[in-house]
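Visitor: I am new to this structure and should like to understand the terms used to describe it. Would you please take me through them?

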Amino acid sequence: MIASRSVLKPPNKLSFNHNVSLTVSLTVGSPPQQVTMVLDTGSELSWFHCRKTPGTPSVFDPTKSSSYTPIPCSSPTCRVRTRDFTLPVSCDPKKLCHATLSYADLSSVEGNLAAETFRFGDSAVPRTVFGCMDSGSSSNPGEDSRTTGLIGMNRGSLSFVSQMGFPKFSYCISGRDSTGILLFGDANFPWLKPLSYTPMVNISTPLPYFDRVAYTVQLEGIKVSGAVLPLPKSVYVPDHTGAGQTMVDSGTQFTFLLGPAYTALKSEFVKQTKGVLRVYEDPNFVFQGAMDLCYRVGLNRVGLPVLPTVSLVFRGAEMSVSAERLLYKVPGMVKGSDQIYCFTFGNSDLLGIEAYVIGHHHQQNVWMEFDLVGSRVGLAEVRCDLAGQRLGMGL
């Protein structure tokens, strides 16, 4: 329970940076230590590295903080509030609450739960529960070396936004200068278009494949330049096991669709770009393990050709993905006189996940609002670099 909840005067804002992930900087502890964390709407527990290892230059040192409090196994926080974790917590030899977190990209971290004072903007929130992680394995060590940890923003009871007690938060990711804005509280700005809202899908019965604390929305269809993919609505609806939910996940870079939807989208996109783009024919090349539609683009070409827009149709709202957001240049890959670009939608089946995942690449230049009280997600197209400048000026 956070005693100082009433002290927070929204909106509090933080700026963030992203190259492959969205990162925010906060200060934690007494005296304050700065930590850099990846913003992740797809997970619950916030954590950072607490032990210095090669490759994690900026880490939090709990021994230097007077407000650091480890959480014992016997506490209700350990026994009750960890129920939505993907793996059950355990008790370490010192009778402290031990958590192991694993992610879809096969990375994992483990360590102890603790409480500490988190500061952002003008607010200081004591006794915020987080994970003090001392070991882990990663699929992307280069990226991790610049990041201390992860800020969990889903709807679980121990997520950062749940602990802060904010009714809503928003973010806006700029596609241009790798910066953005994260805002806690209401976003009432005259320059922001009215948001289109889509309700969150809530299933109270525990189902084996349904993440109850994710930001789940209902995908109802996909269009390529106005042509609706010829798929039954049932393809987009979770089945009796909960498999097939659609999650908005800022911790995932690209967007992943279940097999039937992915195959239909790939086929329609190839059809509509015939004569405009040359498919890279290499059956053994799959970018990031799940993206098997790639193209050859001449090294001397300036810009990409005009591409058909892909629209994700939700109940009550639509997200359009166009131009350079549809293709991603594979770093350092050249074949003859061509660079390789891959389609930014991947196949969930190849990743081994039973869900549709809307990643942050397709949320660029969209104002994304997560309304926890109203149980809905709002979106509006906006130039996020300009929004960041306006907010920076206090508008």
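Guide: Certainly; please note that this is a predicted model. We may begin with strand β23 (residues 327-335) and strand β24 (residues 338-343), which pair in the antiparallel sense over 5 bridges.

Visitor: What makes β23 and β24 count as a pair of strands?

Guide: Pairing requires at least two bridges between two strands. β23 and β24 have 5 bridges, so the requirement of at least two is met. In one of the bridges, K335 has D338 in β24 as its partner. The two strands form a hairpin with 2 residues between them, and G336 in the turn has a positive phi of about 60°.

Visitor: Which strands make up the sheet that holds β24 and β23, and in what order?

Guide: The order is β19-β20-β24-β23, an open sheet of 4 strands with antiparallel pairing. β19 (278-279) and β23 are called edge strands, as each pairs on one side only. Strand β20 (residues 294-298) pairs with β24 over 5 bridges, in the antiparallel sense. Within that pairing, Y295 stands opposite Y341 in β24.

Visitor: Which residues does UniProt list for "active site"?

Guide: The unreviewed UniProt entry lists D40 and D249 under that name. They span 210 residues in sequence, yet their C-alpha atoms are not more than 6.7 Å apart, so they gather at one spot. D40 is found in strand β3 (residues 33-40), while D249 lies in the loop between β17 (245-248) and β18 (255-257).

Visitor: Why is D40 called buried?

Guide: The term applies under 20% relative accessible area. D40 has 6%, and is therefore buried. The same limit settles the case of D249, which counts as buried because its relative accessibility is 12%.

Visitor: What surrounds D40 and D249?

Guide: Beyond four places in sequence, D40 touches several residues, among them Y103, L150, N154 and D249. On the same basis, the contacts of D249 include D40, T41, V357 and H360.

Visitor: How do you know that D249 and T252 make a polar contact?

Guide: Such a contact needs N or O atoms within 3.5 Å. The side chains of D249 and T252 are joined at 2.6 Å, so the distance falls within that limit. For D40, a polar atom of the side chain lies 2.9 Å from the backbone nitrogen of G42.

Visitor: How many aromatic pairs are there?

Guide: The count comes to 28 aromatic pairs. In one of them, F60 and Y68 are 6.5 Å apart centre to centre, with 45° between the planes. F60 is buried, at 1% relative accessibility.

Visitor: Why is the pair of Y236 and Y356 called tilted?

Guide: Planes under 30 degrees apart count as stacked and over 60 as edge-to-face, the rest being tilted. The planes of Y236 and Y356 stand at 40°, with the ring centres 6.0 Å apart, so the pair is tilted. This pair links distant parts of the chain, 120 residues apart: Y236 is in the loop between β16 (227-228) and β17, and Y356 is in strand β26 (residues 355-358). Y236 counts as buried at 2% relative accessibility, and Y356 is buried at 0%.

Visitor: What makes R376 count as sitting over the ring of Y197?

Guide: One requirement is that CZ of Arg be within 6 Å of the ring centre. The charged end of R376 sits over the ring of Y197 at 3.5 Å from its centre, so the distance meets that requirement.

Definitions and conventions
Residues are numbered from 1 along each chain as its sequence is written. This is a predicted model: local features need pLDDT of at least 70, side-chain atom pairs count only at pLDDT 80 or more; totals for chains, interfaces and linings use all residues. Side-chain values use heavy atoms; hydrogens and water are left out. UniProt positions are given in the numbering used here, feature names are shortened, and annotations may be inferred rather than shown by experiment. Buried means under 20% relative accessible area, exposed over 50%, partly exposed in between (1.4 Å probe, protein chains only). Contact means heavy atoms within 4.5 Å. A polar contact is a pair of N or O atoms within 3.5 Å; within protein, one must be able to donate a hydrogen and the other to accept it, and residues adjacent in sequence count only if both atoms are side-chain atoms. A charge sits over a ring if NZ of Lys or CZ of Arg is within 6 Å of the ring centre and within 35 degrees of the ring normal.
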